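Welcome to a set of short exercises with worked solutions. Keep the sequence and the 3D view open beside you as you read.

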Amino acid sequence: MFTGKLVAVKRYNTRGCAVGHALLEGFEGNAHQTLRILFQNEYLLAKLSEDGGRSERTLVHTPDIISIHDESTLTPVTTDQLRYGQRCKVFMIPVNKKWSFEGADDLVGLKAFNLEAKFGSAAI
């Protein structure tokens, strides 16, 4: 989905959760793009920008799975392992269709993490 270098990580702990965001600058097929990933212990929302961050579009959000891996080893990188300068590949794993029932967003979607009001739900 995206290949880039980690250029910023903001992380803080609240109510036992690691909350924050990571910013990746793209290279290879993603040159001139940035990807911002919000997390709360797990990766929840990925937004792509092609104009230096002035406008973003949602690429993927929970309940679909966002997975970040080291570019050279493909070892998974958890939210607490994110470090400036890491070269990463970001993948999206679609959720099973069983999670498309009415009310699923309340359990595992942006709404469950109080992000719906800020980012809205997005059809992917």
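Before we start, here is a term we need: a residue is buried when its relative accessible area is under 20%, exposed when it is over 50%, and partly exposed in between (1.4 Å probe, protein chains only). Helices (H or I, at least four residues) and strands (E, at least two) are DSSP runs, numbered from the N terminus. This is a predicted model, in which local features need pLDDT of at least 70 and side-chain atom pairs count only at pLDDT 80 or more, while totals for chains, interfaces and linings use all residues. Residues are numbered from 1 along each chain as its sequence is written, and side-chain values use heavy atoms, with hydrogens and water left out.

**Exercise 1. Confidence**

Task: Find the average pLDDT of the protein chain.

Solution: Start with the term: pLDDT is the predictor's confidence in each residue, from 0 to 100. The average for the protein chain is 86, and 92% of the residues score at least 70. Next, look at residues 117–124, where the pLDDT is below 50. Beyond near neighbours in sequence, this stretch has 15 contacts in the model (contact means heavy atoms within 4.5 Å). Where pLDDT is low, the predicted coordinates should not be read in detail.

**Exercise 2. Following the strands**

Task: Work out how E2 pairs with E3, and how E3 pairs with E4.

Solution: Two strands pair if DSSP finds at least two bridges between them.

Step 1. E2 and E3 are antiparallel partners over 7 bridges. Along this pairing, Glu25 stands opposite Thr34, and Val19 stands opposite Gln40.

Step 2. E3 and E4 are also antiparallel, over 7 bridges. Here Gln40 has Glu42 in E4 as its bridge partner. The two strands form a hairpin with 1 residue between them, and Asn41 in the turn has a positive phi of about 70°.

Step 3. Now check how covered these strands are. In E3, 6 of the 7 residues are buried. E2 has 7 of its 10 residues buried, so it is largely enclosed by the rest of the structure.

**Exercise 3. Unusual backbone angles**

Task: Say where Arg15 is found, and whether Arg15 is buried or exposed.

Solution: Arg15 sits in the loop between E1 and E2. Those strands pair in the antiparallel sense over 10 bridges, with Ala8 facing its partner Leu23 in E2. They make a hairpin with 2 residues between them, and Arg15 in the turn has a positive phi of about 50°. Arg15 counts as exposed because its relative accessible area is 77%.

Now try His32, in the loop between E2 and E3. His32 is not a glycine, yet it has a positive phi of about 70°. With a relative accessible area of 74%, His32 is exposed.

Finally, go to the loop between E5 and E6, where Pro63 is found. A cis peptide bond joins Thr62 and Pro63, with omega of about 20°. For background, most residues other than glycine have a negative phi, and most peptide bonds are trans.

**Exercise 4. The nonpolar core**

Task: Identify which residues touch the most other members of the largest nonpolar core.

Solution: A nonpolar core is a set of buried Ala, Val, Leu, Ile, Met, Phe, Trp, Tyr and Cys residues joined through side-chain atoms within 4.5 Å. The largest has 18 residues, and those touching the most other members are Leu24, Leu35, Ile37, Tyr43, Ile68, Leu82 and Val90. The elements giving two or more residues to this core are E1, E2, E3, E4, E5, E6 and E7. Apart from it lies another core of 5 residues, including Leu38 and Leu110.

Look next at Ile66 in strand E6, which is buried because its relative accessibility is 5%. Leaving aside neighbours within four places in sequence, its contacts include Ile37, Tyr43 and Val90.

**Exercise 5. Cysteines**

Task: State how many disulfides a search of the whole structure finds.

Solution: A disulfide here is a pair of cysteine sulfur atoms within 2.5 Å. The search finds 0 disulfides. Check two cysteines: Cys17 is buried at 19% relative accessibility, and Cys88 is buried at 1%.
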